[in-house]
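Reader: Please take a close look at the buried interior of this model, and then follow the chain from there to the annotated sites. I would like the numbers kept with the statements they support.

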Amino acid sequence: MIKIILTSALIISASSFAASPEGEYVARISDCVACHTKEGGDVMAGGKRFHTPLGDIFSTNITPDVKEGIGLYSYADFEKAVRKGVARDGHYLYPAMPYPSYAKMNDEDMHALYTYFKQDVKASAQKNSPGEIPWIFSPRWPMGIWNWMFTDSKEEVSTPAGVDDGVIQRGKYLVEGPGHCGACHTPRGIGMQEKSYDSSDATFLSGAMIDGWYAPSLRNGAIPAEEIKDLLKTGRSKHSAISGPMSDVVTQSTQYLNNNDLNAISSYLASLSDKKPASHTHAAASQTRGAIAAGSSGQTLYLRYCSTCHGTTGQGTDDNVPSLVNNPSVSAEEPDNLIKVIAFGAETPVTQGNIPYKMPAYHGLLQPQQMRDIVNYVRGQWGNPPHPVDEDNIKDVLNADKQYREGGR
């Protein structure tokens, strides 16, 4: 049962990158490899599948191969693709490529990134995969209208109102620009656009459902700054752990952040908070907030299958097993994260010098009604759910996850 959001990690070691430190670092913090490298494929050669409301698309080859990649791209071509979402031949890219965020990257980083891809990434002739979008939705020209309606015309990151702190400004740049954190943590509008691309709007980083997982709000101060840094660096902290979709981000990107940038990001996120960090105490863990009574089936099942690691009061084990108290996956309005972790297990990211921790999967051991009872007990004890889940909720999440996995992500 994991805090933050819960995909096995595709490990691309630092040795896969050549020695262009500035450009390599920008590529890391921009999380290029996680999207542009499929499992078993060449580094940066594309082919990773992405599900969209219109159908499936695949990331493209961005190695310097002149036929399949970006070998013929000038800097102007490259900059236009990354910041504007327009390829060298003039076709529009789908916003699965987070160009609305990359538009905020400064020229220095953009030049370093271009030099890195052109000179240091190994060319690959791996062919690009055609999208699996019905022909009626396949024309790209409507994306020009989408860009006009939904993207932010500003190409720089401004300082938050009332803030004159270089550290926070750096964190803002990393989060809103290359890190494109809003792509997952900001809710989407009617056109599937991010409702906001910067901190001027309270919807920015306020939490969102994506690919069947809940990416929690990063504005509410529930996680102390030191724990944010630990989570981004190692995938684990004193009370929390990461797995699932965020796992790739940690493995391929955030573990490479230097200490100054880790401090900058945590400082910036703290500047968005209007709450004090939550207190992880055993006393808080013992307080029942829900309506699931002691002695229920859920409590019996929890004590049998969960308490050995998470404790009888949900406190977990410091620096090892995540606490269930003040846990966004437990208290989220949507119970999907909690259901999936119970059903399919979880594994923390693979990072340098850290062995991943695993939680076992109970899908083959527990029936849907038993998982329902555990979910309701946990959410009733240590969350604040709007209503209990029923057996159909469990089955819907399990069926949706099965279809998603069979889609070949």
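Author: Contact, as the word is used below, means that heavy atoms lie within 4.5 Å of each other. The model is predicted.

A convenient place to begin is Phe117. Leaving out residues up to four places away in sequence, Phe117 touches Cys32, Met44, Ile62, Pro64, Ile70 and Phe78. Phe117 and Phe78 stand out in a wider setting: the largest nonpolar core has 53 residues, and these two touch the most other members. Helix 5 supplies the largest share of this core, 6 residues. The core takes at least three residues from domain 1 (20–147) and at least three from domain 2 (162–275). A second core, separate from this one, has 26 residues, among them Ala346, Leu366, Met371 and Val389.

Helix 5 deserves a check of its own. Helix 5 runs over residues 107–119, and its 13 residues should span 18 Å at 1.5 Å a residue; the C-alpha atoms at its ends are 18 Å apart, so the expected and computed spans agree. The buried residues of helix 5 are Asp109, Met110, Ala112, Leu113, Tyr114, Tyr116 and Phe117. At the start of the helix, a side-chain oxygen of Asn106 comes to within 3.3 Å of the backbone nitrogen of Glu108.

Further along the chain is the first annotated group to be discussed. In an unreviewed entry, UniProt lists Cys181, Cys184 and His185 under "binding site". Cys181 sits in the loop that links helix 7 (166–176) to helix 8 (182–185). Its relative accessible area is 24%, so Cys181 counts as partly exposed, given that buried means under 20% and exposed over 50%. Beyond its neighbours within four places in sequence, Cys181 is in contact with Val175 and Leu205.

His185 belongs to helix 8. His185 is buried because its relative accessible area is 5%, which is under the 20% limit. With neighbours within four places in sequence set aside, the contacts of His185 are Leu205, Ser206, Gly207, Ala208, Ala215, Pro216 and Leu218.

Leu205 thus appears in the contact list of Cys181 and in that of His185. Leu205 lies in the loop between helix 8 and strand 3. Its relative accessibility is 0%, so Leu205 counts as buried. The backbone of Leu205 has a phi near 65°, a positive value in a residue other than glycine. His180 is another non-glycine residue with positive phi, here near 35°. His180 is in the loop between helix 7 and helix 8 and, at 12% relative accessibility, counts as buried.

The loop that holds Leu205 contains Asp198 too, between helix 8 and strand 3 (208–210). Asp198 is buried, with a relative accessible area of 7%. Its side chain makes a polar contact of 2.3 Å with the side chain of Ser200.

Next comes helix 9 (residues 225–234), where Glu227, Ile228, Lys229, Leu231, Leu232 and Thr234 are buried. The cover over these buried residues includes helix 10 (245–252) and helix 11 (259–271). Gly235 follows helix 9 and has a positive phi, near 85°.

Helix 13 (residues 297–305) contains Gln299. Gln299 has 18% relative accessibility and therefore counts as buried. Between Gln299 and Tyr377 there are 6.1 Å in space, C-alpha to C-alpha, although the two are 78 residues apart in sequence.

The last stop is another annotated group. A UniProt "binding site" annotation, from an unreviewed entry, covers Cys306, Cys309 and His310. Cys309 is in helix 14 (residues 307–310), and helix 14 holds His310 as well. How buried or exposed are Cys309 and His310? Cys309 has 45% relative accessibility, so Cys309 counts as partly exposed. His310 is buried, at a relative accessible area of 5%. Not counting residues up to four places away in sequence, Cys309 touches Gly316, Thr317 and Val321.

Notes: Residues are numbered from 1 along each chain as its sequence is written. This is a predicted model: local features need pLDDT of at least 70, side-chain atom pairs count only at pLDDT 80 or more; totals for chains, interfaces and linings use all residues. Side-chain values use heavy atoms; hydrogens and water are left out. UniProt positions are given in the numbering used here, feature names are shortened, and annotations may be inferred rather than shown by experiment. Helices (H or I, at least four residues) and strands (E, at least two) are DSSP runs, numbered from the N terminus. Buried means under 20% relative accessible area, exposed over 50%, partly exposed in between (1.4 Å probe, protein chains only). The expected span of a helix is 1.5 Å times one less than its number of residues. A polar contact is a pair of N or O atoms within 3.5 Å; within protein, one must be able to donate a hydrogen and the other to accept it, and residues adjacent in sequence count only if both atoms are side-chain atoms. A nonpolar core is a set of buried Ala, Val, Leu, Ile, Met, Phe, Trp, Tyr and Cys residues joined through side-chain atoms within 4.5 Å. Domain bounds come from an automatic or database domain assignment.
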